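I sat down with this chain today and kept notes as I went. Here is what I had open in front of me.

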Amino acid sequence: TLATSHSSTIGTLTVGSEFFGPQSTVLAIEAAARAQGYFVTVTALDRYDAHSASEALSHLADQGVDGLVMVAPFEKVIDALDDAALTIPVVVVAARTKVPASDPAHYVYVDQREGARIATNHLLGLGHRNIAHVSGPTGWFDATERQIGWQEAMLAAKAPVIEVPAESWLAPSGHEAGKRLVESVRSGEVTAVFAAN
């Protein structure tokens, strides 16, 4: 490292391990980096706020990583990245749709909005008109994009917009949302569900 000014290490900032999607992405990053002769150091956020994200970014920068991959797709973490002004290459795995032209980070993501439209249109094509959406937590890019895609499809079909918010991605939140939906399903008010997770 002293001779080359390179650590051959990629830093990865991610959310807690309870989320399957981000963790499977981190595992794929590690495998791809190892195949190219790089090490990966992982820092997981214990809280999802800008202060925690700033501390984690500083921690990784202090380790002298050659680049950074962020797998923490929610607004407050991206705000911390915007403020950090890092001089190393940064890749963000997040469906951020409004990226400033001056942003030095590179964004990669699945088109969550289009995926939600396709899923909702499939249910509409099966004859469902009352499709409830169990939405993800606020502040997460993927949840926002899925909600927008579902809503666009429902409005285009002139179908009612029935949303059941979930407070987090965790199973207890989904269970609570499901309990709120039970009477709507029994009465026929809701005939299908598009869940954000």
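These entries go from the whole chain to its two sheets and then to a few single residues.

**Ground rules.** I am working from a predicted model, in which local features need pLDDT of at least 70 and side-chain atom pairs count only at pLDDT 80 or more, while totals for chains, interfaces and linings use all residues. Residues are numbered from 1 along each chain as its sequence is written, and side-chain values use heavy atoms, with hydrogens and water left out.

**The whole chain.** I began with the secondary structure, which comes to six helices and eight strands. Helices (H or I, at least four residues) and strands (E, at least two) are DSSP runs, numbered from the N terminus. Reading from that end, I get the order β-α-β-α-β-α-β-β-α-β-α-β-α-β. The C-alpha atoms fill a box of roughly 70 × 35 × 30 Å along the principal axes.

Next I looked up burial: 41% of the 197 residues are buried. Buried means under 20% relative accessible area, exposed over 50%, and partly exposed in between (1.4 Å probe, protein chains only). The chain exposes about 10800 Å², and carbon and sulfur atoms supply 57% of that. Accessible areas come from the Shrake-Rupley method with a 1.4 Å probe, and for residues only the protein chains shown count as cover. I also checked contacts, meaning heavy atoms within 4.5 Å. Among those between residues at least 6 apart in sequence, 65% join residues at least 24 apart.

**The five-stranded sheet.** In what order do the five strands of the open sheet stand? I read β2-β1-β3-β4-β5, with parallel pairing. Two strands pair if DSSP finds at least two bridges between them. β2 (39-44) and β5 (106-108) stand at the edges with a single partner strand each, so one side of each has no neighbour in the sheet. From one strand to the next, the twist averages 20°.

I then followed the β5 edge: three bridges join β4 (residues 90-93) to β5, and the two run parallel. There, V91 stands opposite H106 in β5. Helix α1 (residues 20-35) packs on this sheet, touching β1 (9-14), β2, β3 (67-71) and β4, and its direction makes about 180° with that of β1. Helix α2 (residues 50-62) also packs on the sheet, touching β1, β2 and β3, at about 170° to β1. For these angles, axes are lines fitted to C-alpha atoms (for helices over the stretch in contact), and values run from 0 to 180 degrees between N-to-C directions.

**The three-stranded sheet.** Another open sheet has the order β7-β6-β8, with parallel pairing. Here β7 and β8 are the edge strands, each with a single partner, so one side of each is left without a neighbour in the sheet. Neighbouring strands are turned by 25° against each other on average, direction ignored.

Four bridges join β6 to β8 in the parallel sense, and H133 has F194 in β8 as its bridge partner. α4 packs on the sheet by touching β6 and β8, with its direction at about 175° to that of β8. α5 packs there too, touching β6, β7 and β8, at about 165° to β6.

On the other side of β6, four bridges pair it with β7, again parallel, and A132 stands opposite I162. The chain crosses from β6 through α5 to β7 in a right-handed β-α-β crossover. Right-handed means that, with the strands pointing away from the viewer, the path from the first strand over the helix to the second runs clockwise. Which β7 side chains are buried? I162 and V164 are, on one face, whereas E163 and P165 point to the other and are not.

**Helix α5.** This helix (residues 141-156) has 16 residues and reaches 22 Å from first C-alpha to last, close to the 22 Å expected; the expected span is 1.5 Å times one less than the number of residues. Its buried residues include F141, W150 and M154. The buried residues of α5 pack against α3 (75-84), α4 (112-125), β6 (131-135), β7 (162-165) and β8 (192-195). Just after the helix, K158 takes a positive phi of about 55°.

**Two single residues.** S184 is found in helix α6 (residues 171-186) and is buried at 16% relative accessible area. Leaving out residues up to four places away in sequence, S184 touches E189 and V190. A31, in helix α1, is partly exposed at 36%. A31 and L181 lie 150 residues apart in sequence and 41 Å apart in space, C-alpha to C-alpha.
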